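Below are some comments on the model you sent round, set out as numbered points. Please read them with the structure open beside you.

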Amino acid sequence: MFGDLFEEDGDRFSSHTIGGNSVKGKDTEPPPPRANVKLSGIKNQGGTCYLNSLLQTLLFTPEFREELFNLGPEELGNLMDKDKPEAKVRVIPLELQRLFARLLLLEEQTASTTALTDSFGWTNHEEMSQQDVQELNRILFSALESSLEGTSGSSLIQRLYHGTLVNHIICKECNNVSERQEDFLDLTVCVRGVSGLEEVLWHMFVEEELFEGNNLYWCSHCDGLVHAAKSTKLRKLPPFLTVSLLRFSYDFGKCERFKEMSRYTFPLTINLRPFCEQSELPDSEFSYELFSVIIHKGSCYGGHYHVYIKDIDQLGHWEAPVSALVSLFLSLCPSQEASGSVLVDQLGQKIMDKIGSSWNKKFRKQYGPISKFLQSHTDVFMLVSNGSCVALKATTTSEPVAPSLHSNRLEHAEAELQGSAELDAEPASGSCWFDLNDSAVTPIREQAISKQFEGRESAYMLFYRKSTLQRPPQAKGNPAYKVPLHLLEMIQEENATLQQRRADFDASSNRIEVRLHLAPHYHVQNGALQPSSTNTRAVVSMMFDRRKTVGDLRLAVYQMQTTWEGDMALTLAKNLPAGLHLYDTLDDDEKSLYSAGLCNGSDLFVWNGKEVNGVQVQTGAEWEPVLLTILRPGEDELDSGSAPGVGATRTDGSGIVRFTQGFASGITLGGVREVLGPQEALVCQEAKGAQPGGGGASGWRLCPPEAMRQTLRELTLRDGDSLLLLPSTQLTNSMFSLSGDMVTVMTPLDCRWLQVEYWSQTASEEEEGGRQECKKRKIPASGDTRLGEVKQRALEELQLQEYEPCCLRQMDRTGKLLPPVCDHLSVRDAGIRLMTSLCLCHGCAPKASQLFLYFRVGVVPSAGQDREIIVEERLSVKEVSALKSCLGSRLGMCWHLRRMDWCEEVGEPLMDENASLLDVKLCSGDTLVIAEGQLPPKGFLKLSVRWLVDRSSDCVSSFPDLSHKIEWAEMEMTSVGYVEISQEASLHDLRCQVLTLPALVGLCMPTPEFLRLWVMEGQTPSRILRGNQQTLRKLKLGMGSEVCVQKLLCEEDLGLKEVLLRLKMGVPGERAYYSAQEFVWDAGRDPSPKGLYNSLASLYSTSPDNLLLAKHLPDKHTWMAIHNWTQHVSKKKKKKKVESLQGTPYCLRDGDIIGVKNLLVDSNREFSTLKDEQEQQRLREQTDIHKKGANKNRKPEVALSINVAVFR
């Protein structure tokens, strides 16, 4: 029925428990035990949160649970025989019994419903698709009734949930009472339009419905239609009352579902006597207590279910809800760190990593900022360092022994903490509430129920129980009460298996592999420990339980090394690129290996604690060895002839010797030079982030004298960093150059090249049209090589000495030649990358004071017509224009220069002819356009002019229908040219200049005022230019504006406050209009609707009350009614501002269509026409197509069902 109506989508409300990081053997890890609340959750199979909520409610209905447990195998059968064809096994009740027994007694944090859903006959589709819990409640009860037929529990549902109500209809004439009784298992009540449950019950069972007027009742006794009253009362109340709230509805206007999120209250206790038939029973028989609330969070298209449940039998352990949050902080605070504190900002990030949600999103609304929460729990936490760090006030010493026992450790730490902390008192006996959210079970306060009255997360089903139902004392706190013996034995076996699995897993997860490095097989070299090359037993691996102590490990190593003599020290070690390094020594024999920081794969060095093979070893992080790459000139480059140093060397023909060597990070840079020698050598550090000088030359920074006294750690040198040792005698070598504190190394391998290409074409090939031959040469070059030298060498190698003058040009990806490069520039300064290509072309290269420019004649672009010119950058624009090489004999005397913009369009003219090319910011490679026409003065506009042509006549007497913005019924616009005019010119001047256009020279016009000028917006005229003496600047005309010219039959001079409207009078009795006529409305007198009504009333010689006006909205093809009424304002209130039709929502402007209805002759108040309805239908279809493409494809709705076997 509902299909995937409630499928979890969008933000997908899923519930996750707080857990630790994954450990090895996760696939075989046993399920965690119950948390401190002692209640078990239910796993979500993907979309079964609705099922989990209902099952938890039934579990915490003790009477239902015990009635189900009373059914033994002799009535229900045995699950072992369910596959036998002759067996009579009632699978659904049996699986429900097992699930309830596991939820009550099995030592697991969560239980699975897989076996139960399999008994329903559900497939993966039902388990992954969320359904309606109200529908499930009815279907599950029906399935249980069918499954229990023929057993002592066949009336289980009827005894606990069945109730009756009666409908009375009383005839007002003969007082005859007609009665009809109805059965119910749950009451479905309305949510919309009522404030709460008690109000809707009053409407349903107290108020009477009267049959009168056109709605009379047929009385069989009176044999006619009579006045009557109908009422409904509750006749039989069930022990358990289920109330279903109609939160989901359908909006037939919008054709969509919606969820009612308004406030809807319900009491914790309710007396139903006012809603029942009169009875002599005591009030206690009508009193009910709330014990379960199923909550839906989300919208009608997706969400999540969870349930608030009252623990009637006191099976769970309630604690203040905030204490669970305190335990979360306890798990994050670093009790093992030396400082014992953590930054508050880091604590927020740890919370994000732990639970997958930020503090602000999950807790801030309830508890405020993190610092405020910590300050409110000063008995647990204390803020240090001016509130930037937090530490535990009473640190606990419980040590985790396995990842799977993480929650137990938190409980233990919290239990110790609660002994001294002042926590909130526990509610009264039997009044503890819990939130069961799939796998998560958390205690809540009774006041939290009121938060579910309204909003996106609100109550969906209510479950009440009679107050007279009392629980026996032996059921309090006893989850095994009335559980059948065979189920108790099953749970005991499963608990024993779980306990054994957890013990085995703890043992396996706590066994770690430790690598022992034996000191006799190591020696000290380059500040680190290196294994002896001839010995293969330097490292011994052993498995050990990390819960044991350091003393146990030391004893085990003694027993393994029978030949060991003297003291034995165990020191944590780590393999670094330079070798093995030692850190902390394990001195406390009573400390566990876990507390000592040992984990799987840890390295331990076994030695006497002082020296290795007679050499003292420095330990600790401050003496970590750093593996450096040392560079120095090769043997043939050394004037002194000294050896390159210690370590393996390698040369690559570049004249530089490279080798790696380790040094303790505590040694100074001067100490490194002493080890490597010579003493007078310069030490250089590779410049970080520096670009290579030239084509691959490397840059080094000379270390100052103060750096020679700093340690490698202080200099932040790391593994792999390089140092250059350069004797001072090498600074005269061509390979090294010193500039300030920078040393540039240019080795033969660092030299790069540039490829020069020359494309030649023979005369015969030119005649045949096309083929070119390319010659290429690689010219050695560096970043400092001048491009003139590259060109000269290329000419020599290509044997093109007669090719002068020539230049070098780069080519872009499209094959277009870029501007030539200057010969005096170096490769680096010209921005040319080495190992790229340059083209050798005819023409001179520009000098340092020259610019290379492209130019074209005419504003119409033509491929291949660009010309090239080299000019001095100090020339003015006027001098460039006067160059005869730019002009052609075809051009006249009136022309000017324009610049081509970045998108290859003709831009603004170069207005200042006396400015230099530098002043107008021209660069090499820019394109100039030689445009015809006189240079417009500064402040001039170039306006595009269109002519509004009437196809039917020579003149235009009315404006075209604006409902057609592009294709007009009787009008069309034609471009007639451009007008260049000053911004300070008046509107009258613009009219006169428009008449001088060549296309309008033959137009007969008495005065310019016979022209109407519109400003174009897109393809539609939008605003009339008015005020003959107004300047174009004040009329807000700018460069690129378009105007439309319309010829009139008379002069027109509209005022600034006048609006030109198009009036359409409705045809009486038809959904059509007469032809439009223009009307000038003076909005300056009265811009309100009343002013427009009065003006039109004067035009049509009638009363304003007889008119009805509406504005046409062409985009939506609808009409907006303009009402002729004013709001009455109290004298005490401030005077209301006059409503203007030129403001929102009407926004009247020139050319708007106003529909007019004369109510004296036309009773039809509807303005829309058949064409409007057709266009609206077209828009709706387009919108539906767009929505279908935007919305996600939802699965087809499938009815929920539970399959029940047939028992004969």
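1. In this predicted model, phenylalanine 248 has lysine 259 of β12 as its bridge partner. That pair belongs to an antiparallel arrangement in which strand β11 (residues 248-251) is joined to strand β12 (residues 256-259) by four bridges. The two strands, β11 and β12, make a hairpin with four residues between them, and in its turn cysteine 255 has a positive phi of about 55°.

2. A second antiparallel pair is formed by strand β3 (residues 163-171) and β4, between which there are eight bridges. Within this pairing, isoleucine 169 is matched with serine 178 of β4 as its bridge partner.

3. Both β3 and β4 belong to an open sheet of four strands, whose order is β4-β3-β9-β6 and whose pairing is antiparallel. Because β4 (177-184) and β6 (209-211) stand at the edges and each has a single partner strand, one side of each is left without a neighbour in the sheet. On average, and with direction ignored, neighbouring strands of this sheet are turned by 25° against each other.

4. Turning to the interior, the largest nonpolar core has 67 residues, and the members that touch the most others are Phe64, Phe100 and Ile1202. Helix α4 (residues 91-105) supplies the largest share of this core, with nine residues. As background, nonpolar side chains in soluble globular proteins tend to be buried together.

5. Which residues are in contact with isoleucine 1202, once its neighbours within four places in sequence are left aside? They are Ile92, Phe120, Trp122, Leu136, Ile139, Leu140 and Ala143. Apart from the largest core lies another one, of 35 residues, which includes Leu201, Phe205, Ile270 and Phe275.

6. For the protein chain as a whole, the assignment gives 24 helices and 58 strands, and buried residues account for 46% of its 1208 residues. If one considers contacts between residues at least 6 apart in sequence, 71% of them join residues at least 24 apart. The accessible surface of the chain comes to about 62700 Å², and 49% of that area belongs to carbon and sulfur atoms.

Conventions. Residues numbered from 1 in each chain as written. Predicted model: local features only at pLDDT ≥ 70, side-chain atom pairs only at ≥ 80, totals over all residues. Heavy atoms only, no water. Pairing = 2+ DSSP bridges. Axes fitted to C-alpha atoms, helices over the stretch in contact; angles between N-to-C directions. Core = buried A, V, L, I, M, F, W, Y, C linked by side-chain atoms within 4.5 Å. Buried < 20%, exposed > 50% of the residue type's maximum accessible area, 1.4 Å probe, protein only. Contact = heavy atoms within 4.5 Å. Areas by Shrake-Rupley, 256 points an atom, 1.4 Å probe, with all protein chains shown as cover.
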